[in-house]
Amino acid sequence: MTETAEPLVSGARAAGLVIATAESCTGGMISAAITDIPGSSAVFDRGFVTYSNAAKQAMLGVRGETLDAHGAVSEEVAAEMASGALARSEADLAVAVTGIAGPGGSEFKPEGRVCFGLARRGAETRTETVEFGALGRDRVRAATRDHALALLLGALGAPRT
């Protein structure tokens, strides 16, 4: 994890970008990985841990209609989480994660499914879903953290619309 977090912090500093996170299934692990790096205070504004749907709505402005139509584990919700984190922070770049860490899941939303949102000022919010599989709760959460850090690192270049 520090393999990605260290270049993320130095890259964000070099690019003059500030980061925010919006986390559900990781419960703050992405923010912790970033803030474990000395000097991260120059590039990390805040992290939102929004485990419940009510918190997603109150803290990030996720719409109830979106939650009702798509469920919390969806690209639509991940996009609203990322956009909400950007709008409610001083950040230039925000990542959001929402998923099924396990154990369990369903036929339609299996264990290991995680939806990611990536928002950057001046660019369209991007989303993707990764199926990590039934690796166990700890490994799904760690894989989610690492993937989110890699997304942020990859987004340090010019905004894409």
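**Figure 1. Arg145 and its salt bridge to Asp146 in the predicted model**. Arg145 counts as buried, because its relative accessibility is 13% and the buried class ends under 20%. Its partner, Asp146, is partly exposed at 29%. The closest N and O atoms of Arg145 and Asp146 are 2.8 Å apart. Side chains of opposite charge can pair when their charged atoms come close. The structure has four salt bridges in total.

**Figure 2. The salt bridge between Asp45 and Arg46**. The N to O distance here is 2.5 Å. Asp45 is partly exposed, with a relative accessible area of 27%. Arg46 is also partly exposed, at 32%.

**Figure 3. Glu131 and Arg113 bridge two strands**. Their closest N and O atoms are 2.6 Å apart. Glu131 belongs to strand S5 and Arg113 to strand S4, so this salt bridge ties together parts that are 18 residues apart in sequence. Glu131 is partly exposed, with 45% relative accessible area.

**Figure 4. Val130 in strand S5**. Val130 is buried, because its relative accessible area of 17% falls under 20%. The C-alpha atoms of Val130 and Val114 are separated by 5.4 Å, although the two residues are 16 apart along the chain. Leaving out residues up to four places away in sequence, Val130 touches Gly112, Arg113, Val114, Phe116 and His147. One of these contacts, Phe116, returns in the next view.

**Figure 5. The aromatic pair of Phe116 and Phe132**. The structure holds one such pair. Its geometry is edge-to-face: the ring centres are 6.4 Å apart and the planes meet at 75°. The angle fits that class because edge-to-face begins over 60 degrees. Phe116 sits in strand S4 (residues 113-120), and Phe132 in the loop between strand S5 (126-131) and helix H6 (137-154). The pair links distant parts of the chain, 16 residues apart. Phe116 is buried, with a relative accessible area of 1%.

**Figure 6. The largest nonpolar core**. This core has 29 residues. Ile34, Phe116 and Leu152 have the most contacts inside it. At least two residues each come from helix H1 (2-15), helix H2 (29-35), strand S3 (93-99), S4 and H6. H6 gives the most, with five residues. Beyond its neighbours within four places in sequence, Leu152 contacts Leu8, Ile19, Ile34, Leu93, Ala94, Val95 and Leu118. Another core lies apart from this one and has 15 residues, including Ala22, Val77, Ala85 and Ala94. In soluble globular proteins, nonpolar side chains tend to be buried together.

**Figure 7. Helix H5, residues 75-87**. The 13 residues of H5 should span 18 Å at 1.5 Å a residue. The end C-alpha atoms are 18 Å apart, which agrees. Buried residues in H5 are Val77, Ala78, Ala79, Glu80, Met81, Ala82, Gly84, Ala85 and Leu86. Two of them, Val77 and Ala85, are among the residues of the 15-residue core.

**Figure 8. The annotated span, residues 4-154**. An unreviewed UniProt entry places the feature "domain: CinA C-terminal" here. The end C-alpha atoms of this span lie 10 Å apart. Helix makes up 43% of the span and strand 21%.

Definitions and conventions. Residues numbered from 1 in each chain as written. Predicted model: local features only at pLDDT ≥ 70, side-chain atom pairs only at ≥ 80, totals over all residues. Heavy atoms only, no water. Phe/Tyr/Trp six-rings, centres within 6.5 Å; stacked < 30°, edge-to-face > 60°. Helix = DSSP H or I, 4+ residues; strand = E, 2+ residues; numbered from the N terminus. Buried < 20%, exposed > 50% of the residue type's maximum accessible area, 1.4 Å probe, protein only. Contact = heavy atoms within 4.5 Å. Expected span 1.5 Å × (residues − 1). Salt bridge = Lys/Arg side-chain N within 4 Å of Asp/Glu carboxyl O. UniProt positions renumbered as here; feature names shortened; annotations may be inferred. Core = buried A, V, L, I, M, F, W, Y, C linked by side-chain atoms within 4.5 Å.
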